Amino acid sequence: MAEKEKLVEIKNLKKYFPVKGGVLQRTIGHVKAVDDVSFDIFKGETLGIVGESGSGKSTLGRTILKLLDPTEGSILFEGNELAKLSHRKMRPYRQNMQMVFQDPFASLNPRMSIGELIEEPMVVQQSMSKQERKDKVVDLLRKVGLPEEAREKYPHEFSGGQRQRIGIARALSINPKFIIGDEPVSALDVSVQSQVLNLMEDLQDEFDLTYLFIAHDLSVVKHISDRVGVMYLGRLAEIGPKEKIYSNPLHPYTQALLSAVPVPNVETKREKIYLKGELPSPSNPPAGCTFHTRCPEAHERCRLEKPEMVHQGEGQYVACHLYKPAAVK
Ligand code: SF4
């Protein structure tokens, strides 16, 4: 089988935020929001990233798009290193990398009409005539399921689901190759969620898009993803094909998360795993495996040594001392 082509390669990525304290407001520590994360995103796929609030998944998305400067590590986009590029040098890449936010209302300027909002990225890019931009706005509105008249209206005149459609049309206006959705359907009603997810899937096929889809809801991630990564306290606990992660989760944290998801079939119902304690603070993460304070399988080594990601076959990787590297490709 031909090897899949990588669009994005993340290597040892870290994003630390300084914690200030004392009269002089000196740096007294760091919040390790993203801490040594590595993975690839293949062309045309949807990689879902799940984790509790505070797991660092949104910071990860923003750092990959360089909306936040990485503290350390590498971000390769089509083989080009972005991590250390200035904002000016990032400009040619911005066109290829767009974000769809959780709250479309907050991300859409309420004083701009929908036409202006969708057109704005094209104006900044300066590569189309006024008529071409106008035609493209109408075309994009149609593609996201909104009427042409929506051009003249303002964000407050639309429902949450419609506003998210507008946010998607805006992200698509400059033909990106890669879109990060940061909880793009979390604020929507369940019935509207699946409409927007289906729309995103249709557009992925039509525009040959690659998605990184960030969410806390495992059912939503299952709906749209080809592969899934699970984050805990700024680190990747497990990553692999969706079927493997959902049918055979290996990391105790993934197992606990999935045990809480309601399943329609009583026979396949998992016993709920209750985790002890709260999510520790990312400014003072536990030593060794950061999950050891809550893990039902924790043992002495877990308190001392950080587990490395090990391959368990068929593209499933896990960071846990319970597993040795499998002798498979
Ligand atoms: Fe649990 Fe230890 Fe595995 Fe961490 S390394 S998940 S504490 S068993």
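This talk goes through the pockets, the cores, a few strands and helices, and one cavity of a predicted model.

I will begin with open space. The largest pocket has a volume of about 980 Å³. Its lining is made up of 35 residues, and Ser38, Phe39, Ile239, Met309 and Tyr317 are the ones nearest its centre. Six strands each give two or more residues to that lining: E1 (6-21), E2 (26-42), E9 (227-232), E10 (235-241), E11 (309-311) and E12 (317-319). E2 provides the largest share, with six residues. By kind, the lining of this pocket splits into 17 nonpolar, seven polar and eleven charged residues.

Three of those strands are worth following a little further. E9 and E10 are antiparallel partners, joined by six bridges. Together they make a hairpin, with two residues between the strands, and Leu233 in the turn has a positive phi of about 45°. At this pairing, Tyr232 sits opposite Arg235 in E10. E10 also pairs with E12, again antiparallel, over two bridges. In that pairing Ile239 faces Tyr317 of E12, and both of these residues were named a moment ago among those nearest the centre of the largest pocket. As for burial, seven of the seven residues of E10 are buried.

Now the second largest pocket. It holds about 570 Å³ of space. Of the 23 residues that line it, Arg94, Gln98, Pro121, Arg170 and Ile174 lie nearest its centre. Here the elements giving two or more residues are helix H2 (87-94), strand E6 (97-100), helix H3 (104-107), helix H4 (114-125) and helix H6 (160-172). The lining divides into 13 nonpolar, six polar and four charged residues.

Strand E6 deserves a closer look. Which of its residues are buried on each side? On one side they are Met97 and Met99, and on the other Gln98 and Val100, so both faces of E6 are covered. In general, side chains in a regular strand alternate between the two faces of the sheet. E6 runs parallel to strand E7 (residues 178-182), and four bridges join the two. Within that pair, Val100 is opposite Gly181 of E7.

Just ahead of E6, in the loop that follows H2, is Asn96. Is Asn96 buried or exposed? Its relative accessible area is 14%, and the limit for buried is under 20%, so Asn96 counts as buried. Setting aside residues up to four places away in sequence, Asn96 touches Phe77, Asn175, Pro176, Lys177 and Phe178.

For contrast, take Gln162, which lies in helix H6. Gln162 has a relative accessibility of 30%, and because that falls between 20% and 50%, it counts as partly exposed. From Gln162 to Leu7 the separation is 155 residues in sequence and 30 Å in space, C-alpha to C-alpha.

Leu7 brings me to the cores. In soluble globular proteins, nonpolar side chains tend to be buried together. In this model the largest nonpolar core has 50 residues, and Ile118, Ile168, Leu203 and Phe213 touch the most other members. Leaving out neighbours within four places in sequence, the contacts of Leu203 are Lys143, Val144, Ile168, Leu172, Asp208, Leu209 and Tyr211. Apart from this core lies another one, of 27 residues, with Leu7, Val8, Ile41 and Ala83 among them.

A short stop at helix H1, residues 57-64. H1 is mostly covered, with six of its eight residues buried. Those buried residues are Lys57, Thr59, Leu60, Gly61, Thr63 and Ile64. Just after the helix comes Lys66, which has a positive phi of about 65°.

Last, closed space. How many cavities of 30 Å³ or more does the structure hold? There is one. The volume of the largest cavity is about 70 Å³. Its lining consists of His251, Pro252, Cys289, Phe291, His292, Cys295, Glu297, Ala298, Cys302, Cys320, His321 and Leu322. By kind, that gives eight nonpolar residues, three polar and one charged.

To close, here are two places to find in the structure above. One is the largest pocket, with Ile239 and Tyr317 among the residues nearest its centre. The other is E6, with buried residues on both faces.

Key. Residues numbered from 1 in each chain as written. Predicted model: local features only at pLDDT ≥ 70, side-chain atom pairs only at ≥ 80, totals over all residues. Heavy atoms only, no water. 1 Å grid on protein atoms, 1.4 Å probe; cavity = no way out; pocket = protein on both sides within 12 Å on 5 of 7 lines; lining within 4 Å. Points joined across faces, edges and corners; volume = space filled by probe spheres on them. Nonpolar A, V, L, I, M, F, W, Y, C, P; charged D, E, K, R; others polar. Core = buried A, V, L, I, M, F, W, Y, C linked by side-chain atoms within 4.5 Å. Buried < 20%, exposed > 50% of the residue type's maximum accessible area, 1.4 Å probe, protein only. Contact = heavy atoms within 4.5 Å. Pairing = 2+ DSSP bridges.
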